[in-house]
Amino acid sequence: MDFKIQVAELKDLAKADCDALLIVVGEGTRPEALGRALGSVLDQALQEGDLAFKAGRCLYLHRPAGVKASRVVFAAAGASTPKAFKAALSAALALLKGGGAQHLLVACALPGPLQAPHAQLLAPTVTEALYVYRHTKPSASAASKLRRVTLACPAAEQAAASQGLAVGEAVAEGVALARECANRPGNHCTPSDLAAEARRLGKAHGIDVKVLERKDVEKLGMGCFLAVAQGSRQALKFIVLQYRGAPKASAPLVLVGKGITFDTGGISIKPAAEMDEMKFDMGGAASVLGTFRAVAQLRPKLNLVGLIPACENMPGGAAVKPGDVVTSLSGQTVEILNTDAEGRLILCDALTFAERFKPAAVIDIATLTGACVVALGHHRSGLFSPDDALAAELDRAGQEALDPCWRMPLDEEYDEGLKSNFADMGNVGPRAGGAITAAMFLKRYTGKYPWAHLDIAGSAWKSGAAKGATGRPVPLLTQFLLGRSR
């Protein structure tokens, strides 16, 4: 983050030493509790209709009388929940982020105490509002002048607020890393670049990182991963990260991230429209790196492994063809009916590789299917797991982190669609239920440990005028891991 964040006790907001004051208000807010100057302004604005306690409504004041801060924003929240608090922050920051404020003070005037979940959302919300991609666009607008953010709360609430801020700072750093990796074009984020990013992360934060090359992958027998990579001139990389925060005997959790740094579809080539967005097809890999960044800062008491199979999916004379049959690391054979269903091919070998760690659970994260976007849109990620307890944990973590998912079915009848006359399975099933049959394919490689699959094709990036990576599901994964470390 480019700004420092802290908690402070302030009894009189009108005298706060800052140049921007953001006050979140809503039903139950008592204007008189804000002091004479701010309370009278709020009361008058409500009476004259310039502000209402409705979600999304904001009022900006410049140099109001009797207030030390030169900029004041009242932001209305529709409720006192963390979700409503975050929405109010986002609306207010849209008014402030382009200005000259260097020190922002945030106060919550909603009914009830400020709790850790509210504070946890502050750093990620500010970071998201201020983010500017500059890696290949040095002409982008200047970065915000904001350098300090203070959360004002009573002394009795400071311990909870500080705890929430610490988690939020780490999540913000992780999301920022994931966004930055995913936003970079395919020629600036190759498999080798991803490996280099992992090594930088490891060196900076004491995480063990190993990168397996093609010869290593061939020796292991990862035939599915090799098949996807064989059409590209870019060298494949299999990245292994290990964080050790618990005794060696403690079974690790394993995160597996799809790292297709650019996906043309291969011989089953995609339409030209919006193919540029296929640089985001390594969103799963980016989220693994981002989660490790957050974990490295929080140092939870658990062991964590990250596996990232990284390559491009390209057409060409050496590319795998529809109808080719390859042998996975598990020994099962796969008929590649569609080369654009490549993500499950690189993941299945990584899921088999995960067995050697004797994991407590494995979660794979992948921008896997357009079918999941059709099913769930862009708000919730798809969650697939045959393990009810693991699915409930992930769902709860998503709700707490405001990074929600939705559990999808894995009925055995869907497995029928993967039958092949020439191999143990095909890599695609019928068009209907495509996200489910993709998960059923992965399920065939996960019988030796608890497993869940997150399809983030609808949540990892945005299209249109706001085109760019979101950094999801780093908040969900971090919340899940913190829950496991308690």
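At what angle do helix α5 and helix α14 pack, and how far apart are their axes? That was my opening query on this model, which is a predicted one.

**Entry 1: α5 against α14**

I took α5 as residues 158-183 and α14 as residues 474-485, and got a packing angle of about 140 degrees with the axes 9 Å apart. That angle makes α5 oblique to α14. I also noted the hand of the crossing of α5 and α14, which is right-handed. From α5, the contact uses Val167, Val171, Gly174, Val175 and Ala178, and from α14 it uses Val474, Pro475, Thr478 and Leu482. Sorted by class, the contact of α5 with α14 has 7 nonpolar and 2 polar residues, and no charged ones.

**Entry 2: α12 against α14**

Next I looked up α14 with another helix, α12, which covers residues 388-401. Here I got an angle of about 120 degrees, and axes 8 Å apart. α12 and α14 are therefore oblique to each other. Their crossing is right-handed.

Which residues meet here? On the α12 side I listed Leu390, Glu393, Leu394, Ala397, Gly398, Glu400 and Ala401. On the α14 side I listed Pro475, Leu476, Gln479, Phe480 and Arg484. The class tally for the contact of α12 with α14 is 7 nonpolar, 2 polar and 3 charged residues. I flagged Pro475 of α14, since Pro475 is in the contact with α5 and also meets α12.

**Entry 3: cavities**

Then I went hunting for enclosed space. Rolling a probe the size of a water molecule over the atoms shows where empty space is left. How many cavities of 30 Å³ or more does the structure hold? I found 2 of them.

The largest cavity has about 70 Å³ of space. I wrote down its lining as Leu93, Leu96, Lys97, Gly99, Gly100, Ala101, Leu104, Leu130, Ser144 and Leu146. By class that lining splits into 6 nonpolar, 3 polar and 1 charged.

The second largest cavity holds about 50 Å³. Its lining is Ala178, Ala182, Gly283, Ala286, Ser287, Ala460, Ala469, Gly471 and Arg472. Two elements, α5 and α9 (283-298), give two or more residues to this lining. The largest share, 3 residues, comes from α9. I counted classes here too: 5 nonpolar, 3 polar and 1 charged. One cross-reference to Entry 1: Ala178 lines this cavity, and Ala178 of α5 is also in the contact with α14.

**Entry 4: the second largest pocket**

Last, I checked an open site. The second largest pocket has a volume of about 1100 Å³. What lies nearest its centre? Of the 39 lining residues, I got Lys270, Leu368, Thr369, Gly370 and Ala371.

I then asked which elements give two or more residues to the lining, and the list came out as α10 (343-353), α11 (370-376), α13 (434-443) and β19 (461-462). The largest share belongs to α11, with 5 residues. By class I have 17 nonpolar, 11 polar and 11 charged residues in the pocket lining.

**Entry 5: recap**

For my own reference, α14 is oblique to α5 and also oblique to α12. The contact with α5 has no charged residues, whereas the contact with α12 has 3. As for space, I have cavities of about 70 Å³ and about 50 Å³, plus a pocket of about 1100 Å³.

Key. Residues are numbered from 1 along each chain as its sequence is written. This is a predicted model: local features need pLDDT of at least 70, side-chain atom pairs count only at pLDDT 80 or more; totals for chains, interfaces and linings use all residues. Side-chain values use heavy atoms; hydrogens and water are left out. Axes are lines fitted to C-alpha atoms, for helices over the stretch in contact, and angles run from 0 to 180 degrees between N-to-C directions. Helices (H or I, at least four residues) and strands (E, at least two) are DSSP runs, numbered from the N terminus. Angles under 35 degrees count as roughly parallel, over 145 as roughly antiparallel, 65 to 115 as roughly perpendicular and the rest as oblique. A crossing is left-handed if the near helix is turned anticlockwise from the far one by less than a right angle, and right-handed if clockwise. Contact means heavy atoms within 4.5 Å. Ala, Val, Leu, Ile, Met, Phe, Trp, Tyr, Cys and Pro count as nonpolar, Asp, Glu, Lys and Arg as charged, and the others, Gly among them, as polar. On a 1 Å grid over the protein atoms alone, a cavity is a set of points where a 1.4 Å probe fits but cannot get out, and a pocket is an open set with protein on both sides within 12 Å along at least five of seven lines; lining residues have an atom within 4 Å of a point. Grid points are joined across faces, edges and corners, and a volume is the space filled by probe spheres set on the points.
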